[in-house]
Amino acid sequence: MAKEITSRQADYSQWYNDLVLKSGLADYSDVRGCMIIKPYGYAIWEKMKQYLDSKFKETGHQNAAFPLLIPKSFFSKEAEHVEGFAKECAVVTHYRLKAGSKPNELIVDPSAKLEEELIIRPTSETIIWSTYKKWIQSYRDLPLLINQWANVVRWEMRTKLFLRTSEFFWQEGHTAHATRKEAETEARLMLQIYADFMEKIMAVPVIKGVKTANERFAGAVDTFTVESMMQDGKALQMGTSHFLGQNFAKAFDVQYLDKQGKLNYVWATSWGVSTRLMGALVMAHSDDEGLVIPPALAPIQVVIVPIYRNTDQLSEISNAAEKIMADLKKLEISVKFDNDDSKKPGWKFAEYELKGIPVRIAIGPRDLANGTMEVARRDTREKSIINMDGFANEIKSLLDSIQQNLLQKASIFRNEHLTTTDSFDEFKEIIENKGGFISAHWDGTSETELKIKELTKATIRCIPLDNKLEEGACIFTGKNSKQRVLFARSY
RNA sequence: CGGGGUGUAGCGCAGCCCGGUUAGCGCACCUGCUUUGGGAGCAGGGGGUCGUGAGUUCGAAUCUCACCACCCCGACCA
């Protein structure tokens, strides 16, 4: 065995690390808290980007690029925003190095101190709103719908591959609108685009909701979220969409003239998903054998492994494989033929399972003689022999059913890990042993939420958008409550 | 920022307690032959500032001190 993976049961956290490293998604870098996304991981991220980018454009957004460096003073303009991010900002103070006194020593040139320090963006609201002030004068300039794909830096004390790194990649949408209603609609629309993407493409079921004041984005009026459940019973916030009200418009004095010639502050949203989605993808579907990548995101959907004794057999199999590849490509299925002679079939089987390739086709002399191929699906690890005639449509529908099965499996798991309770003792017991979401009444105060967090490490993940109103008593204080909210321990 | 751990070949580790030939092992790599339906076998081969810096000593991977880096676990966050 060349690559051992810790089992989920033995150590879930170690399993995750092993998987990310050994499947070739990513690696640690020489910079503390920063990761290297390797080609295989980046290929999956590119597929995520491709889908989301097309949806952003379909809904009228345009991409642009804003600076990595932001003047420090910009941050102090919005009070809550600065408070939220001040603790984790990387700061550029100088612009030049020079030779030190020792050989090969470089020191920061003290004479090159910046008049105003620059912050490496932890998010771009401030630089974008200082720009929007110049772009927006009239109602004719609205709505302004901009997105950027970028990297940001948040100086994290504790990091984990993909889920929390000091530098990460994401997209951030920033929009400006004439009315409150239009901005709220935008925030909800983008949340829905995220939710669709996560369920249809990532095969991860999500709960859409709104954050409580404690969990809200610094500077937002409302933060909408999509929350998912990982295999260890911890929740993961997969994306957020913020209704910013007029907070940034007022902080940066962005006003427009309406049809009546009256000046108004604009209404804003921002929304983002990050490479954290990669972590969610790994933790939602994968098993002790390796990754399980849904076909819609798999850079390679089908791999063909030849089984042969000599070069004559290999060339016969190669001919068959060429035809198979051509047929699959006609159906827009991505396929790789692995004719690497230095690796044996068994090695390849294990390797492609580790990488989570959805479907594996093996062809050997027996198959050539019988006109068949062996097809193995990664999600269930089932193997079957199918006929070469008309196989392509079978593979196509197999990929579809793998995609569906992954969503279904994850949905069943999520539903099984969503418990309703009215007893705080039971609440604690569930959080401690079973994990998952807990649906419970809450009196609506931050004090209660923080107290519950202190006692159980569980936080309110969201108030579901489709929540039905229901009279009840707060699980902790017994005070009146009009609806249940979702608690969980989270990443 | 606290607690723990690790640093020896590309990767994973042993050696260290109790200092002493040329620093080992597995995987990977190179060459050759045999193999190939679930991580092949044999033979030969290449590859090392033992994290860094001081110190103790005739002699340090090994003992002492300092420093650095990374990982894991907690508090804070997407």
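Let's start with the largest cavity. Its lining is made of M35, I37, T165, E167, F168, F169 and T275. Two elements give two or more residues each: strand 2, residues 35-37, and strand 10, residues 167-177. Strand 10 gives the most, with three residues. By type, the lining has four nonpolar residues, two polar and one charged. The space inside is about 40 Å³. A search of the whole structure finds one cavity of 30 Å³ or more. Keep in mind that this is a predicted model.

Now the largest pocket. Its volume is about 1,700 Å³. The lining has 49 residues, and the closest to the centre of the pocket are E88, R154, E156, E215 and Q237. Which elements give two or more residues to this lining? There are helix 4 at 79-85, strand 10, strand 13 at 235-245 and strand 16 at 267-274. Helix 14 at 446-456 and strand 24 at 459-464 complete the list. So much for the elements; now the types. Here 19 of the lining residues are charged, 15 are polar and 15 are nonpolar.

Next slide: the RNA. RNA strand B is surrounded by 44 residues. The closest are R32, R164, T165, Q237 and R276. Two of these names have come up before. T165 also lines the largest cavity, and Q237 is among the residues closest to the centre of the largest pocket. On the RNA side, sugar and phosphate make up 43% of the atoms of strand B that come within 4 Å of the protein.

What types of residue form the surface near RNA strand B? That surface divides into 21 charged, 15 nonpolar and eight polar residues. Four elements each supply at least two residues: helix 1 at 12-22, helix 10 at 345-355, strand 19 at 359-363 and helix 11 at 365-370. Helix 10 gives the most, with seven residues.

Three contacts to the RNA are worth pointing at. In N17, an N or O atom of the side chain sits 3.2 Å from a phosphate oxygen of RNA strand B. At G346, a polar backbone atom is 3.3 Å from a sugar or linking oxygen of RNA strand B. And E351 has a polar side-chain atom 3.2 Å from a base nitrogen of RNA strand B.

On to the sheet. It is an open sheet of 11 strands, in the order 3-9-10-16-13-12-11-24-27-23-22. The pairing is mixed. Which strands sit at the edges? They are strand 3, residues 62-63, and strand 22, residues 418-420, and each pairs on one side only.

Look inside that sheet. Strand 9, residues 144-153, pairs with strand 10 over 10 bridges, and the pairing is antiparallel. One position to find there is L145, whose bridge partner in strand 10 is T175. Just before strand 9, look at P143. P143 is in the loop between helix 5, residues 125-135, and strand 9. The peptide bond from L142 to P143 is cis, with omega near -5°.

There is also a hairpin. Strand 20, residues 372-377, runs antiparallel to strand 21, residues 383-387, and five bridges join them. M373 stands opposite I386 in strand 21. Five residues lie between the two strands, and in this hairpin R381 takes a positive phi near 65°.

Another positive phi is found at D253. The value is about 50°, although D253 is not a glycine. D253 lies in the loop between helix 7, residues 247-251, and strand 14, residues 255-257.

Last topic: aromatic pairs. The structure holds 15 of them. Let me show one. F427 and F487 have ring centres 5.1 Å apart. Why does this pair count as edge-to-face? The planes of F427 and F487 stand at 85°, so the pair is edge-to-face. The pair also links distant parts of the chain, 60 residues apart. F427 is in helix 13, residues 424-434, and F487 is in strand 27, residues 484-488. Strand 27 takes us back to the open sheet, where it sits between strand 24 and strand 23 in the order.

Definitions and conventions: Residues numbered from 1 in each chain as written. Chains lettered and ligands numbered in written order. Predicted model: local features only at pLDDT ≥ 70, side-chain atom pairs only at ≥ 80, totals over all residues. Heavy atoms only, no water. 1 Å grid on protein atoms, 1.4 Å probe; cavity = no way out; pocket = protein on both sides within 12 Å on 5 of 7 lines; lining within 4 Å. Points joined across faces, edges and corners; volume = space filled by probe spheres on them. Nonpolar A, V, L, I, M, F, W, Y, C, P; charged D, E, K, R; others polar. Near = heavy atom within 4 Å. Polar contact = N/O pair within 3.5 Å; in protein donor to acceptor, adjacent residues only side chain to side chain. Pairing = 2+ DSSP bridges. Phe/Tyr/Trp six-rings, centres within 6.5 Å; stacked < 30°, edge-to-face > 60°.
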